[in-house]
Every structure is written in structure tokens, then in C-alpha cells.
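Here are a few quick notes for when you have the model open. I've stuck to one residue and the pockets.

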Amino acid sequence: MEMESLRHPFPAIYAPDSRILILGSFPSVKSREQMFFYGHPQNRFWKVLAAVLDAEVPQTIPEKKQLLLTHHIALWDVLASCTIAGASDASIRDPKPNDIAHLCAAAPIDQIFCTGAKATQLYRKLCEPAVHLPCEQLPSTSPANAAMKLPDLVEAYR
């Protein structure tokens, strides 16, 4: 797969009362096509989040936004731009972070969770020094993380 230099194509989801911030690394090809987070049909993020929040699994982008905002959850990615091959976190080069400190100043974020090892590594290196909030690593909900079954993901996210 060919490396591409890309900018993050859509904004963060948050409200003035968001208390939890969930961060991925960078949008996948499918997410970039849909212009929204966790857009790959096999990604289990929305199923996991709905299970944890005891809610219906959202199907549309407005339903997904509503689920997040109702539960005071902000959603974004660590990177504003990078060079990447497809959706491969392992291929990320030249990472440039989003202004997460600005988001945390705009909302009373008191917990940050990163979905996967790469998002955690990038946050700790590029963002945590400016944000001054540690993150907790959650397992990736990507179909590439097939070893984690849905019930195990739900339990980890609880």
C-alpha cells in the first residue's frame, strides 16, 4: 500500500460539558470516506460504547453524535496530520498532533482514554506534556484486533 500525506478531515465532537475524551490515532480509510469516526463496518467501537452506556447501537452519524454528547463524551484523534499507508497505525510517519490542550480548555475533561497502543504512544509523546492529563489505554476496537472478542472489549471499556 502506498504512503499518503494526509490531514485529519473532520472536527472533534465535544460540548461544553464533555468530561471524558476518547482519542484514536488517525481516521481509517473508511472513516475518511464517511467523514466520521470509526466508520469501518467491522469496527466494534459503536457496539462497545453502546453496551457500556446501556444504549441502542447508533446507526447514523447524528445518532452517534447524540450518544456521545448525552453521556458527556468527547471524541477525537491524536493526530492532525501524518503520512500513512491505508489505515495501518504501524505505518504512521511524520505525526503532527491535534490541539488537544485547546479542546481540554474548552470542556471540563477530567479523563482521557486512547483506543489502542499507537494512539496511547502518540498521545503520551506529543500531547500529554501540553495537556497535563495522563491517558488510559483501551484495546483497539479495529477488526485488525481480532484476538479481542466483543464481550472482552466491552469489559475493558467499562
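1. Start with Ser-25, which sits in the loop connecting strand 2 (20-24) to helix 1 (29-34). Keep in mind that this is a predicted model.

2. Is Ser-25 buried or exposed? Its relative accessible area comes out at 6%, and the cut-off for buried is under 20%, so Ser-25 counts as buried.

3. Have a look at what surrounds that serine. Leaving aside residues up to four places away in sequence, Ser-25 touches Asp-77, Val-78, Leu-79, Asp-89, Ile-92, Ala-119 and Leu-122. With one of these, Asp-89, the Ser-25 side chain also makes a side-chain polar contact of 2.7 Å.

4. Asp-89 turns up again in the largest pocket, where it is among the residues nearest the centre, along with Ser-28, Asn-43, Ala-87 and Ser-142. The lining runs to 24 residues, and the space inside is about 520 Å³.

5. Which element gives the most to the lining of the largest pocket? That's helix 1, with three residues. As for chemistry, the lining of this pocket splits into eleven polar, ten nonpolar and three charged residues.

6. Then there's the second largest pocket, with about 180 Å³ of space. It is lined by 13 residues, and those closest to its centre are Pro-41, Asn-43, Trp-46, Pro-58 and Lys-64. Its lining divides into five nonpolar, five polar and three charged residues.

7. One to click on: Asn-43. It is listed among the residues nearest the centre of the largest pocket, and also among those closest to the centre of the second largest pocket.

Methods: Residues are numbered from 1 along each chain as its sequence is written. This is a predicted model: local features need pLDDT of at least 70, side-chain atom pairs count only at pLDDT 80 or more; totals for chains, interfaces and linings use all residues. Side-chain values use heavy atoms; hydrogens and water are left out. Helices (H or I, at least four residues) and strands (E, at least two) are DSSP runs, numbered from the N terminus. Buried means under 20% relative accessible area, exposed over 50%, partly exposed in between (1.4 Å probe, protein chains only). A polar contact is a pair of N or O atoms within 3.5 Å; within protein, one must be able to donate a hydrogen and the other to accept it, and residues adjacent in sequence count only if both atoms are side-chain atoms. Contact means heavy atoms within 4.5 Å. On a 1 Å grid over the protein atoms alone, a cavity is a set of points where a 1.4 Å probe fits but cannot get out, and a pocket is an open set with protein on both sides within 12 Å along at least five of seven lines; lining residues have an atom within 4 Å of a point. Grid points are joined across faces, edges and corners, and a volume is the space filled by probe spheres set on the points. Ala, Val, Leu, Ile, Met, Phe, Trp, Tyr, Cys and Pro count as nonpolar, Asp, Glu, Lys and Arg as charged, and the others, Gly among them, as polar.
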